Amino acid sequence: MIEAAKRIRRMARTLVESPGRLTEYYRSSFNAYQFQAIFAKYKQIPPNQLPPDGMIERLVEYWANSWSAKEEYIVGLLMHLNQTSGPILECGSGITTLLLGHRCQQLGRKLWVLEHHPGWATRMRTALAKHKLDQSVHIIDAPLVNSEHYSWYDVGNLPEGDIYNMVVCDGPPGHTHGGRYGLMPVLGERLSVGCHILLDDASRLGEQEVLARWEDEYGIKHEMIGQLKPYAVAIKSN
Ligand SMILES: C[S@@+](CC[C@H](N)C(=O)[O-])C[C@H]1O[C@@H](n2cnc3c(N)ncnc32)[C@H](O)[C@@H]1O
């Protein structure tokens, strides 16, 4: 009772002194509540079924991060998950990590996620623990390292030995030197023949350049998918 009274007094003071902060607090609490409720329903869907239309869109809405992937790409990830096997590599973390991570957990597969931003890595680890996904999904601290032609994740903390049959390539951020090109020179040998690489934001100029360089230098062909924010599916052929 005393705690509740103190809380109300604190809220009243915040409302008087800084009304914007209170609005923000309620907006983010509301979003978190909605996300949790819809995610609980998502978790009930068997791993060989796609979520009903609009469910992912609502999860993205309540995750409320303007950098998030959109429904088309996330549905693509779920479809390709069922066409591949073994551990999965993700470059850059966010809502995709949670939604794909839950499917990986259902299927007994591991998701290894490179994340360059220490604060974002902490936030994602907290979210994974909250949703009890931290046994199947691992956020790897991977600062960006500059080389002459590109910057890319330092993969020193990524456990050795795994070969990946699927890569979620939605990082590093688009403004990074060389964009997402570094995947192939740094980790190409750890991608299986036939590996499915799903590159988000693929109609941006930087990603088009990356796709052209992968094709020229590594013979990787791709297909563009989606209408609203197209992504590329590239298959490693040798
Ligand atoms: C495009 S985001 C990855 C998004 C993830 N696949 C998703 O759908 O949520 C790539 C990287 O941007 C960074 N990032 C995510 N949200 C951000 C934000 N709101 N502002 C700045 N950087 C952000 C993180 O380091 C993340 O790994």
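The following exchange concerns a predicted model and its bound ligand.

Q: What kind of model is this, and how are residues numbered?
A: The model is predicted; local features need pLDDT of at least 70, side-chain atom pairs count only at pLDDT 80 or more, and totals for chains, interfaces and linings use all residues. Residues are numbered from 1 along each chain as its sequence is written, and side-chain values use heavy atoms, with hydrogens and water left out.

Q: How many residues surround the ligand?
A: There are 15, counting a residue if one of its heavy atoms lies within 4 Å of the ligand. The closest are Asn65, Ala69, Thr96, Glu115 and Asp170.

Q: And by class, what is in that shell?
A: The shell has five nonpolar, eight polar and two charged residues; Gly counts as polar here.

Q: Which polar contacts does the ligand make with Ser93, Ile95 and Thr96?
A: Polar contacts are pairs of N or O atoms within 3.5 Å. A ligand oxygen lies 3.0 Å from a backbone N or O atom of Ser93, and an oxygen atom of the ligand is 2.9 Å from a polar backbone atom of Ile95. The side chain of Thr96 places an N or O atom 2.8 Å from a ligand nitrogen.

Q: How much of the ligand is buried by the protein?
A: The protein buries 85% of the 590 Å² that the ligand exposes when taken alone (Shrake-Rupley method, 1.4 Å probe).

Q: Changing topic, where is the cis peptide bond?
A: It joins Gly171 and Pro172, with omega about 0 degrees. Pro172 lies in the loop between β6 (164-169) and α7 (183-187); helices (H or I, at least four residues) and strands (E, at least two) are DSSP runs, numbered from the N terminus.

Q: What about phi at Ala64?
A: Ala64 has a positive phi of about 55 degrees, although it is not a glycine. Ala64 sits in the loop between α3 and α4 (71-81). Most residues other than glycine have a negative phi.

Key:
A polar contact is a pair of N or O atoms within 3.5 Å; within protein, one must be able to donate a hydrogen and the other to accept it, and residues adjacent in sequence count only if both atoms are side-chain atoms.
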